[in-house]
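Here are a few exercises on enclosed space and aromatic rings, each with a worked solution. Have your viewer ready and try each task before reading on.

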Amino acid sequence: MGEFKVHRVRFFNYVPSGIRCVAYNNQSNRLAVSRTDGTVEVYNLSANYFQEKVGCEDGSVKLFQITPDKIQFERNFDRQKSRILSLSWHPSGTHVAAGSIDYISVFDVKSGSAIHKMIVDRQHMGVSKRKCIVWGVAFLSDGTVISVDSAGKVQFWDSATGTLVKSHLIANADVQSIAVAEQEDSFVVGTAEGTVFHFQLVPVTSNSSEKQWVRTKPFQHHTHDVRTVAHSPTALISGGTDTHLVIRPLMEKVEVKNYDAALRKITFPHRRLISCSKKRQLLLFQFAHHLELWRLGSTVATGKNGDTLPLSKNADHLLHLKTKGPENIICSCISLCGSWIAYSTVSRFFLYRLNYEHDNISLKRVSKMPPFLRCALQILFSEDSTKLFVASNQGALHIVQLSGGSFKHLHAFQPQSGTVEAMCLLAVSSDGNWLAASGTSAGVHVYNVKQLKLHCTVPAYNFPVTAMAIAPNTNNLVIAHSDQQVFEYSIPDKQYTDWSRTVQKQGFHHLWLQRDTPITHISFHPKRPMHILLHDAYMFCIIDKSLPLPNDKTLLYNPFPPTNESDVVRRRTAHAFKISKIYKPLLFMDLLDERTLVAVERPLDDIIAQLPPPIKKKKFGT
């Protein structure tokens, strides 16, 4: 693997926002996740759970008509005295159930009138509470309404008569969320204690056609409130205050050795929140509403392999750049020279010029940015910092010339004919001649920057791209996909390289393919052209293309033979994959120079320490 000096950075004070709600779509097999900071994430469950893209408070239910070109308000339902906190449509679309404080209403959609008002019991553990909040409702095809509430109950109601059929007390705290399987034979609920309960519809007796709802499985994968749940055909999905998106497989529904068979906890975004100025040893950290610029610390000490060296100069927090208004930052980047910072929100694009004098830094905003740059999904500077590449949410790729403190728009590559998908990943060659762009499903397009035209399109692949980079000298494009496959494509020759063809013929090690976090960054060693550097959240890997690939009988994570072995034995047992799991969770890792790496970690304990305290559970015997 080689010996590197590593800057181990843990001062990126990033805390993911809590999850407010999730929604599963069975037709597209996608999951939408809304967080407390207003962001919405879309996960493609068919693509190894890859993150593709990162109500009313006035007591009324509003009905909107959705047409191809607009969303039009139709009417209000009967106004209720208290807030509407949950809604569920009957599958036929004729009725809506609405949960409020102390009661549930059933509305006739055609008239907008409430036909039933079902009062919930305030009793909890024999004590009457001041109020009972109905946090969630689910309307089944047979007319049953299932409700979950702040008294810790799951209740079943007959919507035709407005009467309570059955009640389950399942928690000492609020039951906050509910989701029903499409077949309506099971449902899942989440509690404020961090527990997820699974209910299934089972026969009353082995030979009976009569069925009843039975609580079958409790799961404890959260430390805090489970504010939202979803139910896919093969998994129970939950999220909440602890920021984790948990996907629990239903083993009786999934195939063995399938991606769906693994329990997953997704905590960090599948995109980069950090960019690096290698020349000035700077890191730019992206938060929801501000950016931070840090200068790395330094040391003059030396030591042997594995030693922790004392800093002779601590890291410096140089800049805190706060956004204007409530919009979240979508993407950001610092140039390699450290002289430019760019970032974008949903409606505005910002570009700043930085000047350095000794330990002082000054910042000047470039004014009058063109309106077509106002919403960028990805930003990237050329290696010489003379060009800025911007992928807009409308699908266009813009090239901006940078000079002094000004800019000039050079060209815009428009979306390919018949596509409207925006590009969310960019890679530029070190010589600035080639630009690669990828969307979630439209493949990878390579543009000739000098001639300002499309050069080629990489053959389509079934899984989305998670990371890509162009190697210096060879201009080979290395692409990582969400199914953990890695391809190498020659841009000059417009075809896959011999190494890539060999990899696809032999196949990757089964343990490599079973990893459940995507590769988020790829880079190259300037003096070792056969090396590819890449990482996900839990490992850093150097692929040495000069060595043979490991087969399934080889130890993937232990490629180093004992030091007392002969050189001949060491060469015979060595393989191409050199993997380190020292640094994790790993949000960013890259080479600063040929002997120095920077690794940005975000330990989960540091995140948990900044969350509100969880509900304390009374343990038996205490």
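**Exercise 1.** Which strands each supply at least two residues of the lining of the largest cavity?

*Solution.* Keep in mind that this is a predicted model.
- Step 1: the strands to pick out are β25 (264–266) and β50 (586–593).
- Step 2: rank the contributions; β25 gives the most, with 3 residues.
- Step 3: add the volume, which comes to about 250 Å³ for this largest cavity.
- Step 4: go to the centre of the cavity; 21 residues form the lining, and F268, P269, H270, T520 and A537 are the closest to that centre.
- Step 5: sort the lining by class, which yields 10 nonpolar, 5 polar and 6 charged residues.

**Exercise 2.** Describe the second largest cavity by volume, lining and strands.

*Solution.* Follow a similar route.
- Step 1: the volume is about 100 Å³.
- Step 2: the lining holds 13 residues, and those nearest the centre are A471, P472, T474, F524 and P529.
- Step 3: β46 (521–525) and β47 (528–535) each bring at least two lining residues, with β47 giving the most, at 3 residues.
- Step 4: by class, the lining splits into 6 nonpolar, 5 polar and 2 charged residues.

A word on the idea behind both tasks: rolling a probe the size of a water molecule over the atoms reveals where empty space remains.

**Exercise 3.** How many aromatic pairs does the structure hold, and is the pair of F487 and Y496 stacked, edge-to-face or tilted?

*Solution.* Begin with the total, then take the pair.
- Step 1: there are 20 aromatic pairs in the structure.
- Step 2: the ring centres of F487 and Y496 are 5.5 Å apart, with the planes at 40°.
- Step 3: stacked needs planes under 30 degrees apart and edge-to-face needs over 60, so at 40° the F487 and Y496 pair is tilted.
- Step 4: check the burial of F487; its relative accessibility is 7%, and the cut-off for buried is under 20%, so F487 counts as buried.

**Exercise 4.** Which residues do ring pairs link into a cluster with F268?

*Solution.* Trace the ring pairs through the model.
- Step 1: the cluster joins F11, F12, Y14, F268, F285, F287 and W294.
- Step 2: look back at Exercise 1, where F268 is among the residues closest to the centre of the largest cavity.

**Exercise 5.** Over which ring does the charged end of K117 sit, and what lies over the face of W499?

*Solution.* Take the two lysines in turn.
- Step 1: K117 has its charged end over the ring of Y103, 4.2 Å from the centre.
- Step 2: over the face of W499 lies K545, at 6.0 Å from the ring centre.

Conventions. Residues are numbered from 1 along each chain as its sequence is written. This is a predicted model: local features need pLDDT of at least 70, side-chain atom pairs count only at pLDDT 80 or more; totals for chains, interfaces and linings use all residues. Side-chain values use heavy atoms; hydrogens and water are left out. On a 1 Å grid over the protein atoms alone, a cavity is a set of points where a 1.4 Å probe fits but cannot get out, and a pocket is an open set with protein on both sides within 12 Å along at least five of seven lines; lining residues have an atom within 4 Å of a point. Grid points are joined across faces, edges and corners, and a volume is the space filled by probe spheres set on the points. Helices (H or I, at least four residues) and strands (E, at least two) are DSSP runs, numbered from the N terminus. Ala, Val, Leu, Ile, Met, Phe, Trp, Tyr, Cys and Pro count as nonpolar, Asp, Glu, Lys and Arg as charged, and the others, Gly among them, as polar. Rings of Phe, Tyr and Trp (its six-membered ring) pair if their centres lie within 6.5 Å; planes under 30 degrees apart count as stacked, over 60 as edge-to-face and the rest as tilted. Buried means under 20% relative accessible area, exposed over 50%, partly exposed in between (1.4 Å probe, protein chains only). A charge sits over a ring if NZ of Lys or CZ of Arg is within 6 Å of the ring centre and within 35 degrees of the ring normal.
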